[in-house]
Amino acid sequence: MPMNRPVATALAAALCLLTAACGSYSDGKAGDATAEAAASKTGYPVTLDNCGQKETFDKAPGRVVVMNGASVAEVSTLLALGLGDRIVANQQTYGNSEVPGRAEAIEKLPDGGVKQNDAFDVPRETMIGLRPDLVLSTTAYGFDEKNGFATRDQLKDVGAHSYVSPQGCDQDTSKMTIADSYRLLRDMGKVFNVSDKAEELIAASEKKIAAVADKVKGEKKPRVMVLFSNMSMGGNDFSSVVAKGIYNDILAEAGGANAFENASEGSFADLSKEKVAATDVDALVVIGYNDPDPAAYAEKLLKEFPQWPAARNSTYVTLSDSMYLGPSNDLAVEKIAKMLHPDAL
């Protein structure tokens, strides 16, 4: 978006330096102009409107705590932007990644010696003791006092900024799309003054996804089951089956459709074995969350439901971080498209 005033003040400040005429001003305008000019060069201050709360950064954070949130979106985004050295405590890991070397890079990050609380994340007292200047959480859950966490106001009191990732304000990720991954990249690019790098990553991802989508355009869309391996979120046999969210956007770009999209209004469906058995599944996407062998889980499912077209053709792919919010959704689109439409790619 064009911003004429900073450009004008920068030019004015430059002219002042050349002529030394502004030094005699007594109304403070020269100082204001110089400050604005300096800000335009450094990229600061930066203000984000995050979940209705304004966060203004005067400089790039240097002590970042990444909360767990059963995600790797935030830590992967920081690593993709070359900001791993800013992290003083990371609680995120999937144990695997579609990006070569990323899982190992995450493993090497400091964990701050954190002993997680009953909610599997950083307790309030520990968080304050880490002396962060920025805390990242996938959803607002990570700043809820009743969960034993430091609130955003408590963090502000000790000089720490806080950030909730896109679609996480109301803890409902069912409307999340690939665009939210780009927004996370852009926001972190602004906060750390690496917007050029963020835009470079976004442009490359958009280009790859568009190329894949173009190749599978017009192809029949197989019905895909997406679920996390060896994970229970409810009372039924299949409680980690994806219904809505970024997963469906990725499937659509890859030329597929979610077989269980209408099974729940939320992100996940809690399904019985009978419901799963009665649904035609043409292909399977298994997301490995700290699972060393998600392929074994996929093979087990295909044997359990031999009536599925997916079982007859052994059509499945295992993924991890690229299938969720984060900087690598293009890899999930490409891998799923190759599974569903091998002749088109």
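**Exercises on a predicted model**

At 41% relative accessibility, Cys169 counts as partly exposed, a class lying between buried (under 20% relative accessible area) and exposed (over 50%), with a 1.4 Å probe and protein chains only. The model is predicted, so that local features need pLDDT of at least 70 and side-chain atom pairs count only at pLDDT 80 or more, while totals for chains, interfaces and linings use all residues. Residues are numbered from 1 along each chain as its sequence is written, and side-chain values use heavy atoms, with hydrogens and water left out.

**Exercise 1.** Determine which residue Cys169 is joined to by a disulfide, and describe the link.

Solution. Begin with the sulfur atoms: a disulfide is a pair of cysteine sulfur atoms within 2.5 Å, and Cys169 is joined in this way to Cys51, with an S to S distance of 2.0 Å. The structure holds one disulfide. Next, place both ends, using helices (H or I, at least four residues) and strands (E, at least two) as DSSP runs numbered from the N terminus. Cys51 is in the loop between strand E1 (46-50) and strand E2 (53-57), whereas Cys169 is in the loop between strand E6 (161-164) and helix H7 (178-191), so the pair, 118 residues apart, links distant parts of the chain. Then take the angle about the S-S bond, which is -85 degrees and makes the link left-handed. Finally, Cys51 is also partly exposed, at a relative accessible area of 32%.

**Exercise 2.** Establish whether Thr279 is buried or exposed, and what surrounds this residue.

Solution. Thr279 is found in the loop between helix H10 (273-277) and strand E11 (283-287), and with 7% relative accessibility it counts as buried. The side chain of Thr279 reaches the backbone oxygen of Lys275 at 3.0 Å. Leaving aside neighbours within four places in sequence, Thr279 is in contact (heavy atoms within 4.5 Å) with Arg223, Ala259, Phe260 and Trp308.

**Exercise 3.** Identify which members of the largest nonpolar core touch the most other members.

Solution. A nonpolar core is a set of buried Ala, Val, Leu, Ile, Met, Phe, Trp, Tyr and Cys residues joined through side-chain atoms within 4.5 Å. Of the 56 residues in the largest one, the members sought are Leu78, Met188, Val285, Met323 and Ile336. Taking Met188 as the example, and not counting residues up to four places away in sequence, one finds that Met188 touches Thr77, Leu78, Leu81, Leu136, Tyr163 and Val194. A second, separate core of 21 residues includes Val241, Phe260, Leu271 and Leu302.

Notes. A polar contact is a pair of N or O atoms within 3.5 Å; within protein, one must be able to donate a hydrogen and the other to accept it, and residues adjacent in sequence count only if both atoms are side-chain atoms.
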